[in-house]
Amino acid sequence: MYTFSFVILLCVLCCNLVLCDFEQQPKIFIEDDGNLILEAVYDKDIVFSLSPNSALNINDVNLMEILNALQENNTQVEANSMVSTDELTKQLNAFKRDLRGLERRLRNYVNRTRFNKLRRDLRSGLFKIRQLQGRIESIERDARIDECTVNNTIPCKNGGSCYDQFNDFICLCTEGWVGKTCDSDVDECAQFNNTDLGCQNNGRCINTPGSYRCECAAGFSGIHCRLREMICEKYNGDELCGHGTCVSANNIHNYTCICDVGWTYTNSSPACVIDINECELHTNPCHSECINMPGSFKCGPCPNGYTGNGITCLDLNECAIDNGGCSLIPKVNCINTEGSYHCGNCPEGWLGDGHICIPAPSNDCSSENICHPKAKCEYISDTVVCTCSVGLSGHGFGENGCKSEIATHPCENHECKNNGTCEVNGEGTRCICPEGYMGATCEKNDACHPNPCSNGGSCKLAPKNKYRCACQRGTTGKNCEIQREICGSVLRQETGEVIYPPEGGNYENRERCAWIIRTTTNKILNITFSKFDLQTSLDCSKDFLQIHDGRSLSAQLVGRFCGSDLPRGGTIITSHQEVFFWFRTDNETTSTGFKFSWVSQPHTCGGQFELGMGNSDVIKSPGYPGKTPINRECEWELEASFGYRFVLRFYEINLGGDSNCTQDTLKIYDSDRLVKTFCESEKPAPFYTSSNIISIHFHTDAFREDSSFQLHYEVIPSSPNCGGIFTEPRATIGGHINAEICLYLIQQPPGTKIKLEILNYNLLDSDDCDLQKVEIFNGKTDEYPLEKRICGDFKSVSPIISEGNYLLIRYEYAVVGLKIDTLSFEARYSRICEDKFFGPDDGIFMTPNYPNPYFDHMTCTYDIYGPLGSVIHIKFADFQISESVPTLLDEDGHNVKLKQLNDSDVDENLNFVEVYLSKISKRRFYKNATPEPLVSSQNHLRIIFKTAENSRRARGLKIEYSFETVRCGGIFTESRNSYESNEKLSDVSYCEWIIEAPENKHISLTLTYTPPQNANNFSLSLHSKLPDTKDEKLLASYSQNIYLNEVFHTSVLTIKSVNGLTNSSDYFPAYISFNYTLVDSAENCGGNFSTRFGVLTSPGWPMPYGNDLDCVWIIMAPLGHTIELVPKEFGLEQVSTVCDDDFLEIRQFV
């Protein structure tokens, strides 16, 4: 077909050459050397159009078949890019979780919504979500069908691995096979044509199922016909001979190959590439079953009736023990045979098969006709015996038991010699000869009698009366006559030593020795070589010691070693509990051998590593590239500095698990989140972590050793705005963050703390904040206490103060496929230090890092509290700061003097100390001069140390404090306390009691006041600190008896007592007592209020109020006064238009 098409093409081209412009036409050239050249016009193609069944052959190679095979491979590659069912199931599960979350939120909205139309719309949305969930479940049912196991058959042929896909499957074919089901043999001859793997130098390629071979042209040799007239000393013998030794020879190849045991060559090439099937030889090396192996063989176990090692199997004499199982009462003759035995017949009067004999039913002389009429019946030893009369012979039983002629047993005329046993065989007889004899009457000795095998060797008969000796360890030769050192053994010990040769000297030629060392389960072997001396050769092809990490030659190769260098530097640690040593020598030079010892140790797998920028390495499974032993649990924990992350590149993942991940698994954790799980073999793309911590967990089950992996890790910078270590005194953190996990560690010097303020955030809202969140931990890792978790829309968050000098911010984003374009969060931190000291004992304290230079840009606050009725004395034992005077300018450009400055005008770059002696009295120091001792007005004193840059490396402060008792007044900070005056208040002009509550606490006060009689100059007043200001406001003033029981929505409440008659000699007794309790703002629901000023808030404000509340606040003003309410914040849940759900009602009473 193609020849005809080509002729037509030539004709068309020739016509075009005649009729058209020669330069613009395609050309055909025939050169002098016979080459045919087709040349197309510039920028044009050469096209061959063939029918689907046509062939295009070049040198017997069909190019169409190659193109079709490549197309099938491309189809398979495209199929490999399909999404696996596991990945589809994971995506569907994630989608279902999102749908369930959306369904919960819609259901909550339905329950909370009282508008009918909106409720109908929400229910419609819920119905559509349930429809979508039904469709997803239908897809899941299809995805759960494993096309690789439909009808309990595997569609992939010729050893191909089947991988389930959605409504499809993919076959990963073994080498040499292609196609949808791996049923098409790859034509390697076409695939490797004109490549280094093809047959070179005009060698003829012959395709075979799953492989190929080369028949070389004259003058060339080698597996690929690559070598021309090569000699063994010049070229690589492995390429020439494969499994053999190259020897120079006077033939067309200039060499010949001496094949290793178990290998031979073809007629066309001397290379030893043909495996000898020892099991097909005329003389089977095994007694029974023979299993051929590449270059070797192994024998099956001896069959029943024999004992031995499979090569030599000796007949087992079953009759030697308990008569072989034949009857003992009555005793039946047991006859041993080759590989078996059989029992003789039960005696007369007994029935059975010889193994079991039971008395015959008529075993009694009284029975009729039991004996022949002319026979005598006797009952002897519980057995009937019939004896024929004289002249008759026979067994005497029954009507045919006696005959007149003299009968002879067939064996009476067949004498067996040498204790042979005669046996009736049909109409004839035969002799069963004992061991060592043969012939019709056992008159001849066989080849094994007497035993020709020396040194304890056992003899085995072969056809034609030949024999074969099975030699004991340490002997060889046809008759085991050659003695040699015993080498190789199986050593089941946790520790030990091997020395070879054991007696010193040199080892022998043509040694073949194998050692298997086994330790206990769940341990591995640590092997140490102290001596190694073998013949040196290229590629260790002559004398060598080969080591395998496992039980046999099929286990992972550790290496082949020769020469005088210690293997692997002298130490080898296995990954298995077994190791295999194979020692082989040729017939040339010998050396002194080797010595090694071993100890057992628990298997170690994994580890913890702290890494820096750019660090990289490879993590391998135990024993890689071999398979990992069973029951292994390996975990690698890698930690880089904050602000960095990892990239993992997977070189190989070969797992013998299943799609359900119930067998061998490899798991990757990004921080504490499981991000990757591998259960089967695959080649994933590089994976980039989000955090600076990664854990790799590798598990193998208890069944097969069929898993291994290798991956590479590298430390790289994190994504922009994602994580880092922050050591500056102050900074802002946050931004637009699309990473899954970001860890921000704020680290300050020892002795300092961190103040963190959340400025803004815009996060996804979900149950438990599982979609997007920011968490703040009071320490350096997420194992420290969680201080705050935020998500959703921005709400005001109180500043967070660390316990130590570390704070960790963890940002987590679960919806990585959705890109964030808005600000995720923004936080600001500053360096602070704070401490509180309580009396009555005196004390001393220093600023951080004292006496070394104090830290830059730090604000330290120290509160000293004395007992009630005391004041505080402080003395600066050491005062050294870097002087810095503000240099602010006025509108005219002149310097502003220090005394003209307000607190808000102080330059940010200023070092100073502030001492608060009372709420209205403070001292500020800029100069580097020790201040005079100071005394507080009450039992509370505050010191603030504000630093900028410590340019002069000043030491800071060392402060001593003590306490002095006074008449009245004081500051209360406890959660509850009380006070009762027992002093004469007439000679005290002013007393002040201050109750301070922490954030989210209010003050519940009970007060009783009795002024002096007829003394109008005495007064008692209550004052409250205004929110977010330093000002106070008068709440109430009393000059008469008063009893008060109220809750004050303030954090600071001041009680003041004023006496205007301190210079009078008159005595005016006065009395005041009060007790207070700090109550939780969330529990503050209702109350009575009579002061001139106050603040009312809903329970828990500014956080949302709770459910089922019924709070009543009553405000009472004195007669002649009105009440003004000024709403500041107001927001209630509104569903009904008539306020029948959540409401605030205000009523006026007269």
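In the predicted model, one aromatic cluster is formed by Tyr500, Tyr507, Trp515, Phe529, Phe532, Phe581, Phe583, Phe594, Phe596 and Trp598. The count of aromatic pairs comes to 36. Two of the aromatic pairs are described below, one stacked and one edge-to-face.

The stacked pair consists of Tyr811 and Phe825, with a centre-to-centre distance of 6.1 Å and an angle of 25 degrees between the planes. The pair counts as stacked because planes under 30 degrees apart are assigned to that class. Distant parts of the chain are linked by this contact: Tyr811 belongs to strand E61 (residues 806-813), whereas Phe825 belongs to strand E62 (residues 825-838), the two residues being 14 residues apart. Both Tyr811 and Phe825 are buried.

An edge-to-face arrangement is adopted by Phe876 and Phe879, for which the ring centres are separated by 5.4 Å and the planes meet at 90 degrees. Phe876 has a relative accessible area of 5% and is therefore classed as buried, the cut-off being under 20%. For Phe879, the relative accessible area is 5%, so this residue is likewise buried.

Contacts between charged side chains and aromatic rings were also examined. The charged end of Arg560 is placed over the ring of Phe544, at 3.9 Å from the ring centre. Arg924 lies over the face of Phe912, and here the distance to the ring centre is 4.4 Å. Both values satisfy the distance criterion, because a charge over a ring must lie within 6 Å of the ring centre.

Technical notes. Residues are numbered from 1 along each chain as its sequence is written. This is a predicted model: local features need pLDDT of at least 70, side-chain atom pairs count only at pLDDT 80 or more; totals for chains, interfaces and linings use all residues. Side-chain values use heavy atoms; hydrogens and water are left out. Rings of Phe, Tyr and Trp (its six-membered ring) pair if their centres lie within 6.5 Å; planes under 30 degrees apart count as stacked, over 60 as edge-to-face and the rest as tilted. Helices (H or I, at least four residues) and strands (E, at least two) are DSSP runs, numbered from the N terminus. Buried means under 20% relative accessible area, exposed over 50%, partly exposed in between (1.4 Å probe, protein chains only). A charge sits over a ring if NZ of Lys or CZ of Arg is within 6 Å of the ring centre and within 35 degrees of the ring normal.
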